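I opened this notebook to record what I looked up in one protein chain with a bound ligand. The entries follow the order in which I consulted the model.

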Amino acid sequence: MAPESSANTPSTTENRGNIAAASGRRASITVELAERSYPIEIGTGITGELADVLRQEVGDLSHALVIADESIQTHWADPIIECLSSIDNVRVNNTNVPSGETTKSVEHLSRLWDWLLSSGADRRSVLFAIGGGVVGDLAGFAAASFTRGIRFVQIPTTLLAMVDSSVGGKTGINLSGGKNMVGAFWQPELVWIDTACLQTMGERDYLSGLAEVVKYGVIEDAEFFDWLCKNAASLLARDHAALQHAVTRSCQSKARVVRDDERETSGRRAILNYGHTFAHAIEATAGYGAILHGEAVSIGMQMAASLAIDMGLCDESLLTRQTELLTACGLPVQFADADADKMLPVMMRDKKVAHGKLRFILPTDIGNVQLVGDVDPAQVRSAIQAHR
Ligand SMILES: O=C(O)C(=O)C[C@@H](O)[C@H](O)[C@H](O)COP(=O)(O)O
């Protein structure tokens, strides 16, 4: 075992305090990245406030290009388009992409590039990504690459996108042999989170987002982990106050980590990948879409915890507590079709692999993880088998 970095810095009062009340109803968190800094605005039923915030945060806005998941067009994208159209002298174009992980493909990206061109997009245009992680990652990469980069705004409508993928600027698409293998770091101008969207989400997709919420508790916020254990039932019931707290706390965590290591160079940002080396291999070998990303992350975190126990990094009680919380959140903790023979070659293409050696984010305690290198593939295999 080779712990490469103590990837966690304990949270301090200073770095916990990146939240401000933007209005009576909205919380505002800043992702502090010097000239690329941007706010995450979180509230319920806040569409009426968007135009003012855009004037403040995005400034020069004359052409809005809205890319929305087709399943939320009527309910969530149309009101945003109405709001954009009400701003003086703003031209709006709109297109849709299908729901589901298979949309994060080079074919859909190419279609979006053509659409941007035919809509008359230029470097002054602003792209709006409305939907879940698939739309955010795909449209974000279209924004990063079209004319070498145009501004974009993330408007996540799923729990997973609100707490994770819309923040931090990781954009990209999948290849058949690996998740997120082509992409770019491209930060949005604004992340606009209306938690009212969560009330209309399908149950399976909603629960899948809770996996990334639990992740923050394990990787760097033990106090939040305890809060989640006490409030899992309220989150399952989609209680407004509980959701506002869980989304805000998760975004604070993500903003801190991204601020400290925007492009995953120091190892700090890699902690956000806890469970993901297993999860991405599960998704790729099961076929994209067969299992949801958050479900795979839940199972992947279980495999990572078992690996950590096997390597003597933590004791059994961590896995027990994590299993209890994931189960209370309605998430799967094993995957009968997990096939180590198929998963291991995919894992070797993980972005954390260095000099041909697997590296994992492994827990030492609830609230603490380490980036560990040179892991024995036999131990990885047993961790997979332990959760079949
Ligand atoms: O933002 C990050 O950094 C993360 O690793 C967050 C992950 O939860 C997310 O799934 C991310 O897209 C995975 O990125 P990848 O670099 O492993 O493809």
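**Entry 1: helix α10**

I began with α10 and listed its buried residues: H276, T277, F278, A279, H280, A281, I282, E283, A284 and T285. I note at the outset that the model is a predicted one. Ten of the eleven residues of α10 are buried, so I recorded this helix as largely enclosed by the rest of the structure. I then asked which elements the buried residues of α10 pack against. They pack against β10, α11, α13 (340-347) and β12 (359-365). Just after α10, I found G287 with a positive phi of about 100 degrees.

**Entry 2: the chain as a whole**

I counted 14 helices and 13 strands in the protein chain. Along its principal axes, the C-alpha trace spans about 60 × 40 × 35 Å. I compared the radius of gyration with the expectation for a compact globule: for 388 residues this would be near 21 Å, and the chain has 20 Å, which agrees. Buried residues make up 50% of the 388 residues. I also looked up the contacts between residues at least 6 apart in sequence; of these, 74% join residues at least 24 apart.

**Entry 3: two domains and their contact**

The domain assignment gives domain 1 (2-9 + 212-385) and domain 2 (32-201). Their C-alpha centres lie 26 Å apart. At the contact between them, 25 residues of domain 1 meet 24 residues of domain 2. I asked which elements give two or more residues to the side of domain 1 that touches domain 2. They are α7 (203-220), α9 (240-260), α10 (276-286) and α11 (293-310). The largest share of that side comes from α9, with eleven residues. By type, the residues on this side of domain 1 divide into nine nonpolar, eight polar and eight charged. The helix of my first entry, α10, is thus among the elements that contribute to this side.

**Entry 4: the ligand**

I next listed the residues around the ligand: D164, S165, G168, K170, K179, N180, E212, R269, L272, N273, H276 and K351. The elements that give two or more residues to this shell are α6 (159-165) and β10 (178-185). I classified the shell residues and obtained one nonpolar, five polar and six charged. Where does the ligand lie with respect to domain 1 and domain 2? Both domains give residues to the shell, so the ligand lies between them. I noted that H276 belongs to the shell and is also one of the buried residues of α10. Likewise, β10 contributes to the shell and is one of the elements against which the buried residues of α10 pack.

**Entry 5: the nonpolar core**

In soluble globular proteins, nonpolar side chains tend to be buried together. I therefore looked up the largest nonpolar core, which has 120 residues. Within this core, L127, F128, I130 and A304 touch the most other members. The core draws at least three residues from each of domain 1 and domain 2. I took L127 as an example and set aside its neighbours within four places in sequence. It is then in contact with L65, I67, A139, A142, A143, I150 and F152.

**Entry 6: positive phi outside glycine**

Most residues other than glycine have a negative phi. I recorded two residues with a positive phi that are not glycine.

- N89 has a positive phi of about 60 degrees. Its place is in the loop between α3 (73-85) and β6 (91-97). I found N89 exposed, with 7 other C-beta atoms within 10 Å.
- R148 has a positive phi of about 65 degrees. This residue is found in the loop between α5 (133-145) and β8 (151-156). With 7 C-beta neighbours inside 10 Å, R148 counts as exposed.

**Entry 7: K357**

My last query concerned K357, which is found in the loop between α13 and β12. Is K357 buried, exposed or partly exposed? It has 13 C-beta neighbours inside 10 Å and counts as partly exposed, because residues with 12 or fewer are exposed and those with 20 or more are buried. Not counting residues up to four places away in sequence, K357 touches G373 and D374. K357 and P377 are 20 residues apart in sequence, and their C-alpha atoms are 9.5 Å apart in space. The two elements that flank the loop of K357, α13 and β12, are also among those that pack against the buried residues of α10.

Conventions. Residues numbered from 1 in each chain as written. Predicted model: local features only at pLDDT ≥ 70, side-chain atom pairs only at ≥ 80, totals over all residues. Domains from an automatic or database assignment. Contact = placed C-beta atoms within 7 Å. Helix = DSSP H or I, 4+ residues; strand = E, 2+ residues; numbered from the N terminus. Nonpolar A, V, L, I, M, F, W, Y, C, P; charged D, E, K, R; others polar. Near = placed C-beta within 6 Å. Core = buried A, V, L, I, M, F, W, Y, C linked by C-beta atoms within 7 Å. Rg over C-alpha atoms; globule rule 2.2 N^0.38 Å.
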